Amino acid sequence: MATRGSGRPNCTLPQTKICQFKLVLLGDMAVGKSSLVLRFVKGQFDEFQETTIGAAFLAQSVCLDDTTVKFEIWDTAGQERYHSLAPMYYRGAQAAIVVFDITKPETFERAKAWVKELQRQASPNIVIALAGNKADLAEKRLVEYEEAQTYSEDTGLLFMETSAKTAMNVTNCSWPSPKRCQKPTPRTLHTQHDTGA
Ligand SMILES: Nc1nc2c(ncn2[C@@H]2O[C@H](COP(=O)(O)OP(=O)(O)OP(=O)(O)O)[C@@H](O)[C@H]2O)c(=O)[nH]1
Ligand SMILES: [Mg+2]
């Protein structure tokens, strides 16, 4: 979810382009979706992160070279009773991060179901990334890295193991961003001069 190495959360240089980027997080309950967002947006981690009700919206601007990328992040609720709301959040999204917990195989199966749903119902251009979260709990691992990587390769997903707790692959990695995505994605791309911003 974090940006590439050149990303800077606080832009000090004049930026020439602004790019809005809608990102949605999906996955079973308690896999760490909100924790990944909290780590990305605020650089924090909470051992007692509360379950999400419905969905939460967060925004984060990041500078990538000469572009200010405005991430619009929809952090959805993993509880089954909120499943029917999900299309509202992934509709129009340029990227989705489907999260599972490497210590809970059933969450990996749930992640596969989310990937199928996205591939059937989301925008055909959506970039899907799979995140095997809680990588810090290596001693409790029940989903092997290779298994998730092979599945991702076969299904055409980006794959990464993460830890919201240690910030592994959250703050300096190649999560989906307009530059990472091969497909043409930005919903709006214009100069500050154009907008008067
Ligand atoms: N050890 C460890 N714990 C984590 C990690 N990420 C999240 N947690 C913990 O896992 C629990 C659930 O995290 P959340 O971020 O609330 O999970 P969620 O996917 O948003 O859950 P819902 O909102 O119910 O769908 C919390 O107690 C977190 O502190 C991680 O990378 N490592
Ligand atoms: Mg949550």
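**Figure 1. Long-range contacts across the whole chain.** In this predicted model, 76% of the protein's contacts with a separation of 6 or more come from residues 24 or more positions apart. The chain has 5 helices and 7 strands, and reading along the sequence gives the pattern β-α-β-β-α-β-α-β-α-β-β-α. Of the 197 residues in the protein, 49% are buried. As for what is left on the outside, the accessible surface comes to about 9700 Å², with 51% of that belonging to carbon and sulfur atoms.

**Figure 2. Helix α1 and what covers it.** How many of the 10 residues of α1 are buried? The count is 8, so this helix is largely enclosed by the rest of the structure. The buried set is Lys33, Ser34, Ser35, Leu36, Val37, Leu38, Arg39 and Phe40, so if you are scanning the side chains, note that Lys33 and Arg39 are on that list, with "buried" standing for under 20% relative accessible area. The cover over these residues includes strands β1 (17-27), β2, β3 (67-76), β4 (95-101) and β5. Just past the helix comes Gly43, which has a positive phi, near 70 degrees.

**Figure 3. The magnesium ion and its protein donors.** Which atoms of the protein serve as donors to the magnesium ion (ligand 2)? They are OG of Ser34 and OG1 of Thr52, lying 2.0 to 2.1 Å from the ion. The two residues are 18 apart and link distant parts of the chain: Ser34 sits in helix α1 (residues 33-42), while Thr52 is in the loop between α1 and β2 (55-64). Both Ser34 and Thr52 are buried. Anyone listing the sites for a metal parameter set should bear in mind that water is not among the atoms, so a site like this may look incomplete.

**Figure 4. Helices α3 and α4 side by side.** Two packed helices can be described by the angle between their axes and the distance between the axes. Here, the axes of α3 (residues 105-121) and α4 (residues 145-155) come within 12 Å and cross at roughly 10 degrees. That crossing makes α3 roughly parallel to α4. On the α3 side, the contact is made by Phe108, Lys112, Val115 and Gln119; on the α4 side, by Glu147, Ala148, Tyr151 and Thr155. Sorted by class, the contact has 4 nonpolar, 2 polar and 2 charged residues. The numbering is worth a glance too: an α-helix has 3.6 residues a turn, so residues three or four places apart point the same way.

**Figure 5. Val98 and its surroundings in strand β4.** Buried or exposed: which is Val98? Val98 is buried, with a relative accessible area of 0%, and its place is in strand β4. Setting aside neighbours within four places in sequence, Val98 is in contact with Leu26, Ala111, Trp114, Val115, Leu118, Ile128, Ala129, Leu130 and Ala131. One of these, Ile128, is 30 residues away along the chain, and its C-alpha atom is 7.3 Å from that of Val98. Val115 is another of those partners, and Val115 also appears in the contact of α3 with α4.

**Figure 6. Lys70 in strand β3.** Now for a residue with some surface showing: Lys70, found in strand β3, is partly exposed, at 35% relative accessible area. Which residues does Lys70 contact beyond its neighbours within four places in sequence? They are Ile18, Cys19, Gln20, Phe21, Gln60 and Ser61. Lys70 and Cys19 are 51 residues apart in sequence, yet their C-alpha atoms are 6.0 Å apart in space.

**Figure 7. Leu158 alongside Leu130.** Leu158 lies in strand β6 and is partly exposed, with a relative accessible area of 23%. Its C-alpha atom is 6.1 Å from that of Leu130, and the two residues are 28 apart along the chain. Leu130 also turns up among the contacts of Val98.

**Figure 8. Positive phi at Lys134 and Asn169.** Neither residue is a glycine, yet Lys134 has a positive phi of about 70 degrees and Asn169 has one of about 55 degrees. Where do they sit? Lys134 is in the loop between β5 (127-133) and α4, and Asn169 is in the loop between β6 (158-161) and β7 (189-191). Lys134 is partly exposed, with a relative accessible area of 22%, and Asn169 counts as partly exposed as well, at 28%.

Note on methods
Residues numbered from 1 in each chain as written. Chains lettered and ligands numbered in written order. Predicted model: local features only at pLDDT ≥ 70, side-chain atom pairs only at ≥ 80, totals over all residues. Heavy atoms only, no water. Helix = DSSP H or I, 4+ residues; strand = E, 2+ residues; numbered from the N terminus. Buried < 20%, exposed > 50% of the residue type's maximum accessible area, 1.4 Å probe, protein only. Contact = heavy atoms within 4.5 Å. Areas by Shrake-Rupley, 256 points an atom, 1.4 Å probe, with all protein chains shown as cover. Axes fitted to C-alpha atoms, helices over the stretch in contact; angles between N-to-C directions. Parallel < 35°, antiparallel > 145°, perpendicular 65-115°, else oblique. Nonpolar A, V, L, I, M, F, W, Y, C, P; charged D, E, K, R; others polar. Donors = N, O, S within 2.8 Å, 3.2 Å for Na, K, Ca; no water.
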